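Me: I should like a close look at a single part of this model, namely its sheet and what surrounds it. Please explain how that part is put together and how it belongs to the whole chain.

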Amino acid sequence: MAFVSSIKLFDEEKLDVLQRLDQFRQWHSLDEKRYCLVCGEIITGREIQVIRDKRENRPLRIICPTKHCNAMPMEWVRPTDEVLIKIAMAEAERRRIRLTIRAGRATRSLPKRNDKQYDR
């Protein structure tokens, strides 16, 4: 049984909740986007989950909608050009490292050459 439940709200209510609970950035519309620093996804106000803990009488919380990511507003930034460039550069570096690792593995799996054959 889940102890946390997602709450469905009308657009106006959800925008009000985002405006109240996100102390770090202002929300003017549910269509605004944020970049989640935890999962690396760009999310919108419409997608953000509003949740309540069923076990205790705790206040509402807002979390990232991405599966297995419970990031909170302090971990979301506006996807400015500068942020998007940094994201693209980090992703390019990750790809370069993965390719380097694959190339190293491929090189190790090549058959070893017999040096005596080439000494003649």
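Reply: A suitable starting point in this predicted model is the pairing of β1 with strand β4 (residues 49–53): the two run antiparallel and are joined by three bridges. One of the residues involved is Ser6, whose bridge partner in β4 is Ile51.

This pair belongs to an open sheet of three strands, arranged in the order β1-β4-β5 with antiparallel pairing. β1 (4–6) and β5 (61–63) stand at the edges with a single partner strand each, so one side of each has no neighbour in the sheet. On average, and with direction ignored, neighbouring strands of this sheet are turned by 40° against each other. As general background, strands of a sheet pair through backbone hydrogen bonds, and the pairing may be parallel or antiparallel.

A helix accompanies the sheet. α1 lies across β4 and β5, and its direction makes an angle of about 95° with β5.

The nonpolar core comes next. The largest such core has 14 residues, and those with the most contacts inside it are Ile48, Ile62, Cys64 and Trp76. Helix α1 (residues 11–21) gives the most to this core, contributing three residues. In soluble globular proteins, nonpolar side chains tend to be buried together.

Ile62 deserves particular attention. If its neighbours within four places in sequence are left aside, Ile62 is in contact with Val17, Leu18 and Leu21, and also with Asp22. Its other contacts counted in this way are Ile48, Gln49, Val50, Ala71, Met72, Pro73 and Trp76.

It remains to place this part within the protein chain. The secondary structure of the chain comprises three helices and six strands, which follow one another along the sequence in the pattern β-α-β-β-β-β-β-α-α. The radius of gyration is 23 Å, well over the 14 Å given by the globule rule for 120 residues, so the chain is more spread out than a compact globule. Taken along the principal axes, the box filled by the C-alpha atoms is roughly 85 × 40 × 20 Å.

Of the 120 residues in the protein chain, 22% are buried. The chain exposes about 9500 Å², of which carbon and sulfur atoms supply 53%. Finally, among contacts between residues at least 6 apart in sequence, 55% join residues at least 24 apart.

Technical notes:
Residues numbered from 1 in each chain as written. Predicted model: local features only at pLDDT ≥ 70, side-chain atom pairs only at ≥ 80, totals over all residues. Heavy atoms only, no water. Core = buried A, V, L, I, M, F, W, Y, C linked by side-chain atoms within 4.5 Å. Buried < 20%, exposed > 50% of the residue type's maximum accessible area, 1.4 Å probe, protein only. Helix = DSSP H or I, 4+ residues; strand = E, 2+ residues; numbered from the N terminus. Contact = heavy atoms within 4.5 Å. Pairing = 2+ DSSP bridges. Axes fitted to C-alpha atoms, helices over the stretch in contact; angles between N-to-C directions. Rg over C-alpha atoms; globule rule 2.2 N^0.38 Å. Areas by Shrake-Rupley, 256 points an atom, 1.4 Å probe, with all protein chains shown as cover.
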